[in-house]
Amino acid sequence: MIDELKVVRAGFAPIKGTRHLPHDRVALDAHGVVGDRGFALVSVDETDPAHGRVLRTVQHPSLVAVRAELAGDRLEVELPDGETAAAEPAATGERLTCDYWGREVELELLGGPHTALFSRWLDRPVRLARARRGDVVFAGSVSVVTTASMRDLAGQAGPDALDAARFRPNLVVETDEPYAEETWLGREIRVGEATLRIGVPIPRCAVIDVRPETGERDVRLLKTLASHRPLNRAGEPAFGVFAEVVTPGAVGR
């Protein structure tokens with residue numbers, strides 16, 4: 001067990017791919033952060049190459065600029081141009097089995113004003129869908145990034161690397177040694193009231209080059225990472241680690 005680590009940022013996105021927003025306090029349960037990626041977007045255009053798949057951020061980076069927040073059962077969405085939609089997503093009884101990174105996930109298609117908003121923003125017909133907890137999470141249920149690793153990357157790539165939202169971590173924890181988190185595999189750490197078991201490093205893609213406020217690529221963090229960090233078999237550099245929840249609890253910064 002590693003002594004309790006100081007959390008300096010906690011956050012999540014209720015809709016897969018939208019802006020990763022900070023929260024003063026989050027709740028962790030067996031599935032990860034409560035409220036994290038409970039919704040996803042799917043293409044309903046059969047001529048769209050993305051049809052039948054959960055929309056991926058790396059192919060739709062403009063999603064990153066969309067703010068989505070839950071207020072009770074009400075889902076509030078705001079586009080960068082100021083247009084908004086706020087309502088409780090309505091069940092329609094429709095279900096759709098989609099591909100999510102090579103595995104099948106069953107989604108519940110929803111009604112409400114969000115569909116038109118996202119369809120306009122993405123310039124294609126899409127539907128908002130509800131996902132079962134953890135179904136549209138790439139690997140470990142919690143993602144962790146450390147301050148020392150961000151500072152190390154910033155020293156090589158510039159201050160943009162200090163914007164934690166680019167890496168979309170559920171938790172940013174304070175450390176002194178860069179990439180110390182990669183030595184924690186299989187170990188348990190305490191964060192707030194919760195305990196996590198650390199898993200494998202997180203492989204990174206071009207999404208970290210996207211500015212969260214605009215959804216536009218503006219830096220080359222991925223290239224910098226790839227120049228000095230270990231690569232996996234797919235040629236992706238690692239940054240941060242996945243984790244699973246051992247003991248649920250609240251975590252604040």
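This is a short walk through the salt bridges, aromatic rings and cavity of a predicted model.

Before you start clicking: residues are numbered from 1 along each chain as its sequence is written, and side-chain values use heavy atoms, with hydrogens and water left out. Because the model is predicted, local features need pLDDT of at least 70 and side-chain atom pairs count only at pLDDT 80 or more, while totals for chains, interfaces and linings use all residues.

**Stop 1: a strand-to-strand salt bridge**

Select Glu 108 and Arg 130. They form a salt bridge, with the closest N and O atoms 3.5 Å apart; the term means a side-chain nitrogen of Lys or Arg within 4 Å of a carboxyl oxygen of Asp or Glu. Glu 108 sits in strand E10 (residues 103-111) and Arg 130 in strand E11 (residues 126-130), so the pair ties together parts that are 22 residues apart in sequence. Those labels come from DSSP runs numbered from the N terminus, with helices (H or I) of at least four residues and strands (E) of at least two. Now colour by accessibility: Glu 108 counts as buried at 17%, and Arg 130 as partly exposed at 33% (relative accessible area, 1.4 Å probe, protein chains only: buried is under 20%, exposed over 50%, partly exposed in between). Across the whole structure, the search finds 20 salt bridges.

**Stop 2: the network around Asp 160**

Next, pick Asp 160, which is partly exposed at 25%. One salt bridge joins the side chains of Asp 160 and Arg 166 (3.7 Å, N to O), and Arg 166 is buried, at 2% relative accessibility. Another joins Asp 160 to Arg 211, at 3.4 Å from N to O. Arg 211 belongs to the loop between strand E15 (194-203) and helix H3 (221-228), and Asp 160 to the loop between helix H2 (147-157) and strand E13 (171-173), so this pair ties together parts that are 51 residues apart in sequence. Arg 211 is partly exposed, at 29%. Add Glu 213 and Asp 218 to your selection: salt bridges with shared partners join Asp 160, Arg 166, Arg 211, Glu 213 and Asp 218 into one network.

**Stop 3: rings, and arginines over them**

On to the aromatics. There are three aromatic pairs in the structure (Phe, Tyr and six-membered Trp rings with centres within 6.5 Å; planes under 30 degrees apart are stacked, over 60 edge-to-face, the rest tilted). Select Trp 101 and Phe 138 to see an edge-to-face pair, 5.7 Å centre to centre with 85° between the planes. Trp 101 is in the loop between strand E9 (90-100) and E10, and Phe 138 in the loop between E11 and strand E12 (142-146), so parts 37 residues apart in sequence are tied together. Trp 101 is partly exposed at 41%, and Phe 138 is partly exposed at 43%.

Keep Trp 101 and add Arg 56: its charged end sits over the Trp 101 ring, 3.8 Å from the centre (NZ of Lys or CZ of Arg within 6 Å of the ring centre and within 35 degrees of the ring normal). Then move to Phe 167, Tyr 179 and Phe 239, a cluster linked by ring pairs. Arg 229 lies over the face of Tyr 179, at 3.8 Å from the ring centre.

**Stop 4: the lining residues**

Finally, select His 31, Gly 32, Val 33, Asp 36, Arg 37, Arg 133, Gly 134, Val 137 and Ser 141, which line the largest cavity.

Notes: On a 1 Å grid over the protein atoms alone, a cavity is a set of points where a 1.4 Å probe fits but cannot get out, and a pocket is an open set with protein on both sides within 12 Å along at least five of seven lines; lining residues have an atom within 4 Å of a point.
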